[in-house]
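Please open the model in a viewer and keep the sequence panel visible beside it. The tour below proceeds by selections, each followed by a description of what is found there.

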Amino acid sequence: VGMLGDGLNDGPAMAAADVGIAISCGLQLTVDAADVVVNKGGQLLLRLAGAVAMAKRGRRLVLQNLALAMAIKLLVMMLAASGHLSLSMGIFTDTGSLFLVLMNGLRPLTWRVPFARDSAAT
């Protein structure tokens, strides 16, 4: 188990972890308790954490799209099998579900990367 930290409350957790990683801009207690000290890579580690958070959000979005598409397809198949849906309405609902999934898949274009800092400030 690894622990990454830069503050006072991170020292005991880092000492108990198998691998403790400290950002050198933190407190001396944290730096002393760590196995690895990152001097200038703090921003890189924060970007890595942001990338992991974005990947988790992306995975949830893919699962949402799969569930949405499958639910609509199942509903359309049940309506078509019972005779309550004409061919033209089936095609229309299939195209509509494709459009909904496509629009939902474009949501990451509006997402902000967590932990991103202005590169000009560093």
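Begin with the whole chain, coloured by confidence. The model is predicted, and its pLDDT averages 82 over the chain, with 83% of the residues scoring at least 70. Confidence is lowest in helix α2 (residues 28-33), where the mean is 72, and highest in α4, where it is 93. As a general caution, predicted coordinates should not be read in detail where pLDDT is low.

Next, switch to a cartoon view. The chain contains 4 helices and 3 strands. Followed from the N terminus, these elements run in the order β-α-β-α-β-α-α. The chain has 122 residues, of which 20% count as buried.

Now select residues 87-105, which form helix α4. This helix has 19 residues and spans 27 Å from its first C-alpha to its last, close to the 27 Å expected at 1.5 Å a residue. Which residues of α4 are buried? They are Gly90, Ser97 and Asn104. Turn the view to look down the axis of α4: its buried residues fall within an arc of 55°, so they line one face of the helix. Then rotate to the face turned away from that buried side, where the exposed residues Ser88, Ile91, Phe92, Leu98 and Phe99 are found.

Keep α4 in view and add the side chains of Lys73 and Asp94. Their side chains meet in a salt bridge, at 2.0 Å from N to O. Lys73 lies in helix α3 (residues 42-81) and Asp94 in helix α4, so the pair ties together parts that are 21 residues apart in sequence. Are these two residues buried, partly exposed or exposed? Lys73 is partly exposed, with a relative accessible area of 36%, and Asp94 is also partly exposed, with a relative accessible area of 35%. The count for the model comes to 1 salt bridge.

For the last selection, show the surface and pick Leu74, Leu75, Met77, Met78 and Leu79. Together these residues form a nonpolar patch on the surface, with about 490 Å² of accessible area. Centre the view on Met77, one of the residues of this patch. Met77 lies in helix α3, and it is exposed, with a relative accessible area of 56%.

Key. Residues numbered from 1 in each chain as written. Predicted model: local features only at pLDDT ≥ 70, side-chain atom pairs only at ≥ 80, totals over all residues. Heavy atoms only, no water. Helix = DSSP H or I, 4+ residues; strand = E, 2+ residues; numbered from the N terminus. Expected span 1.5 Å × (residues − 1). Buried < 20%, exposed > 50% of the residue type's maximum accessible area, 1.4 Å probe, protein only. Arc of directions from axis to C-beta. Salt bridge = Lys/Arg side-chain N within 4 Å of Asp/Glu carboxyl O. pLDDT = per-residue confidence, 0-100. Patch = residues over 30% accessible without salt bridge, like charges linked within 9 Å, V, L, I, M, F, W, Y side chains within 5 Å. Areas by Shrake-Rupley, 256 points an atom, 1.4 Å probe, with all protein chains shown as cover.
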